[in-house]
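Got your viewer open? Load the model, switch on sticks for side chains, and follow along stop by stop.

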Amino acid sequence: MGQIEQHNKMAVKPVFPLLMSMAFPPMLSMLIQSMYNIVDSMFVAHFSEDALTAVSLAFPLQNLVLAVAVGAGVGANSYISRKLGAGDQDAANAAVTHGFLISFVHAVFFILFGLVAIRPFFRMFTDSEAVFSLACDYSYIVVLGAFAQLFHIMVEKLLQATGRMLAPMLLQAIGAIANIILDPILIFGLFGAPRMGVRGAALATLLGQILSMMLSLLVFFLCRQDVRMDLKKFRLDFHAVAQIYAVGVPAMLMNALGSLLVTLLNSILIRFSELAVSVFGVYFKLQTFVFMPVSGLTQGALPIMGYNYGARDRRRLLSTLRCAVLVAVGIMAVGNLLFALLPEQLLRLFDASAAMLSLGVPALRIISCSYIFAAVGLIFSTLFQAAGKGGYSLTVFLLRQLFVIVPLAFLLSRWMGLNGIWLSFPIAEVVGALAAGLFFLSFRRKDSIFHSTARG
């Protein structure tokens, strides 16, 4: 009965209330996630400026773990949503086991990757032994402990694929709150705990993720779900794995591009000063306040789009797209105003010096001009993921996060200094939005759902 109700909700409930009911929990969850990421850096900044630089340099590795976790989860989510929309319950159930198996393989990969790559990675970006040591201390804990985030996010996406959005929000919130509470205790050695500095920040993050993972697994296996792991019927299906990765790999690459982008831009920024790297690291933490709610919106939209694409309901698919674009643009417009009007106040959250303010205020104002265009690219990419068109979404993200922004940042920095680097962001987002629109026109022209008269 629960399964039928969930499916009816996807198929018949008015689209805007459905989208908001499914998007609000992950939006709130992602806001909480943003808060604890920012609080993490705020405490580290008060510990020392070297510590803040180290955490900023470590961000690409930390984001890489998140990218793989989210990508694998999005791939499973899209596959399950489409199979449920098509009425194939057995395939949806089999995808659950495949999702856990994929997460285990990724966890082993990150242990090996962390042991081999962490020290050479940081040697490329700093000559300071203090910064190098702090960055390694932080990264060994968060990378080798990637298993917690990988399994927690996989469960989160499995639940979201069936329209269950509240439990993932609560589970992530519990982990985030635990992180926030543990941060000052472990960083500064409060209440008799050892003073661990940067290692304390990393350990607080890992312990919060482990708590979320354990609770997620308990909820998934002990509560009745619309999809379930059935080991008796399980057979390794390479076609199913390929279908999950067809959406998952582009999603991983899209999220990992944040790591690559930060790494490449740090290599340009370091030519100016380590303070410029710190400013960019602080900005990347602050921008999550804007981008994370939109990410939550895409999490709510993806299963609705995927279900109705699988059910071949053109009208509800397009209605979901329109509603999601309008909401995302509204969120990004508010973020643009916040960063344009209050940049100094935002930077002072990180104990910003006068020198940091002089670099950071124009950075926040210029980069935030890109936000509304970014909303368009993000929502159209979600539609492409829901329809299994991972290549379209990957191309849009490559334009936004690599092919345009990095060459522009390099060239403009030579003519305009740091402001040239910041200006490359809005230019890249405009290009990405235009590309997303062109891909959508191609998608409408080629896909049979837009030429069928059966549904909508």
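Here comes a tour of salt bridges, backbone oddities, cysteines and empty spaces.

Before you click, note that this is a predicted model, where local features need pLDDT of at least 70, side-chain atom pairs count only at pLDDT 80 or more, and totals for chains, interfaces and linings use all residues. Residues are numbered from 1 along each chain as its sequence is written, and side-chain values use heavy atoms, with hydrogens and water left out.

**Stop 1: Asp-447 and its partners**

Select Asp-447, which sits in the segment after α18 (418-446). Helices here are DSSP runs (H or I, at least four residues; strands are E, at least two), numbered from the N terminus. Asp-447 is buried, at 6% relative accessible area; buried means under 20%, exposed over 50% and partly exposed in between, with a 1.4 Å probe and protein chains only.

Now add Arg-312. The two form a salt bridge, with the closest N and O atoms 3.2 Å apart; the term means a side-chain nitrogen of Lys or Arg within 4 Å of a carboxyl oxygen of Asp or Glu. Arg-312 lies in the loop between α11 and α12, so this pair ties together parts that are 135 residues apart in sequence.

Next, add Lys-389. Asp-447 forms a salt bridge with Lys-389 too, the closest N and O atoms being 4.0 Å apart. Lys-389 is in the loop between α15 (371-386) and α16 (390-403), so here the parts tied together are 58 residues apart in sequence. Lys-389 is partly exposed at 32%. Keep all the sticks on: Arg-312, Lys-389 and Asp-447 are linked in a network of salt bridges.

How many salt bridges does the structure hold? The count is six. One of them joins Glu-156 and Lys-157, with the closest N and O atoms 3.6 Å apart, and both of these residues are buried.

**Stop 2: two positive phi angles**

Go back to Arg-312 and look at the backbone: phi is near 60°, a positive value in a residue other than glycine. Arg-312 is partly exposed, at 28% relative accessible area. Then jump to Phe-191, in the loop between α7 (166-188) and α8 (198-222). Its phi is near 55°, again positive in a residue other than glycine, and Phe-191 is exposed at 76%.

**Stop 3: cysteines**

Pick Cys-223, partly exposed at 42%, and Cys-369, partly exposed at 40%. Don't hunt for disulfides (cysteine sulfur pairs within 2.5 Å): the count is zero.

**Stop 4: empty spaces**

Select Asp-90, Ala-91, Asn-93, Ala-94 and Lys-233, which lie nearest the centre of the largest pocket among its 15 lining residues. On a 1 Å grid over the protein atoms alone, a pocket is an open set of points with protein on both sides within 12 Å along at least five of seven lines, a cavity is a set where a 1.4 Å probe fits but cannot get out, and lining residues have an atom within 4 Å of a point. The largest pocket's volume is about 260 Å³, volume being the space filled by probe spheres set on the points, which are joined across faces, edges and corners. The largest share of its lining, six residues, comes from α4.

Finish at the second largest cavity, with about 60 Å³ of space. Its lining includes Val-55, Phe-59, Asn-266 and Phe-284, and α10 gives the largest share, five residues.
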